[in-house]
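Colleague: I've got a model open and I'd like to learn how to read it. Can you walk me through it?

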Amino acid sequence: MKQKMKALLELPAAVNDREQLEALGVDPDDMDNEMVLVMAMFLNAAQGDTKAFDRVMQILGKDIGHEELALRKRELRLKEKAASEGDNAALAKLDEVLGKIEGGF
């Protein structure tokens with residue numbers, strides 16, 4: 001099934017879709033069904049669909065939730081390391097820095 005989906009996505013876009021893609025400035029060599037899906041997601045996001053917007057940001061690697069999770073994991077590792085080493089000064093400094101980040105400086 002995965003191969004069939006890939007095959008469908010690689011097919012050239014239909015004529016009506018090609019017209020929309022052309023209007024957006026997409027290179028004719030890039031006009032396949034995968035680009036049609038990307039265009040649909042983009043247009044939905046541009047019209048205010050927040051789920052589509054979130055998905056676009058996720059694809060671009062600009063997902064705030066993902067970045068926040070990565071920061072929280074790093075915070076936890078640093079706290080665990082400082083605690084295991086008995087480094088109270090490092091824990092205090094880490095808490096100070098995190099307080100500034102959460103407070104918006």
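Colleague: Let's start with M5. Is M5 buried, partly exposed or exposed?

Modeller: Keep in mind that this is a predicted model. The general idea is to look at relative accessible area: under 20% is buried and over 50% is exposed, with partly exposed in between. M5 has 48%, so M5 counts as partly exposed. You'll find M5 in helix α1, which covers residues 2-10.

Colleague: Which residues form a nonpolar patch on the surface with M5?

Modeller: Those are L8 and L11. Together with M5, they offer about 290 Å² of accessible area.

Colleague: And M35, how should I read that one? Where is M35?

Modeller: M35 sits in helix α3, residues 33-46. Use the cut-offs again: under 20% would be buried. M35 comes out at 23% relative accessibility, so M35 is partly exposed.

Colleague: Which residues is M35 in contact with, leaving aside neighbours within four places in sequence?

Modeller: Contact here means heavy atoms within 4.5 Å. On that basis M35 touches L21, V26 and D30. You can also look at C-alpha separation: M35 and R18 are 17 residues apart along the chain, and their C-alpha atoms are separated by 9.7 Å.

Colleague: How do I check the span of α3?

Modeller: Take 1.5 Å times one less than the number of residues. For the 14 residues of α3 that should give 20 Å, and the end C-alpha atoms are 20 Å apart, so the two agree.

Colleague: Which residues of α3 are buried, and what do they pack against?

Modeller: The buried ones are V36, M39 and A45. They pack against α2 (15-24) and α4.

Colleague: What about the ends of the helices?

Modeller: Look at caps and at phi angles. After α3 comes G48, with a positive phi near 100 degrees. Then D49 caps the N-terminal end of α4 (residues 50-59), with a side-chain oxygen 3.0 Å from the backbone nitrogen of K51. Just after α4, G61 also has a positive phi, about 80 degrees.

Colleague: Zooming out, how many helices and strands are in the protein chain?

Modeller: Six helices and zero strands. Of the chain's 105 residues, 12% count as buried. Among contacts between residues at least 6 apart in sequence, 10% join residues at least 24 apart.

Colleague: And what does the accessible surface of the protein chain come to?

Modeller: About 8,600 Å², and 57% of that belongs to carbon and sulfur atoms.

Key: Residues numbered from 1 in each chain as written. Predicted model: local features only at pLDDT ≥ 70, side-chain atom pairs only at ≥ 80, totals over all residues. Heavy atoms only, no water. Helix = DSSP H or I, 4+ residues; strand = E, 2+ residues; numbered from the N terminus. Buried < 20%, exposed > 50% of the residue type's maximum accessible area, 1.4 Å probe, protein only. Polar contact = N/O pair within 3.5 Å; in protein donor to acceptor, adjacent residues only side chain to side chain. Patch = residues over 30% accessible without salt bridge, like charges linked within 9 Å, V, L, I, M, F, W, Y side chains within 5 Å. Areas by Shrake-Rupley, 256 points an atom, 1.4 Å probe, with all protein chains shown as cover. Salt bridge = Lys/Arg side-chain N within 4 Å of Asp/Glu carboxyl O.
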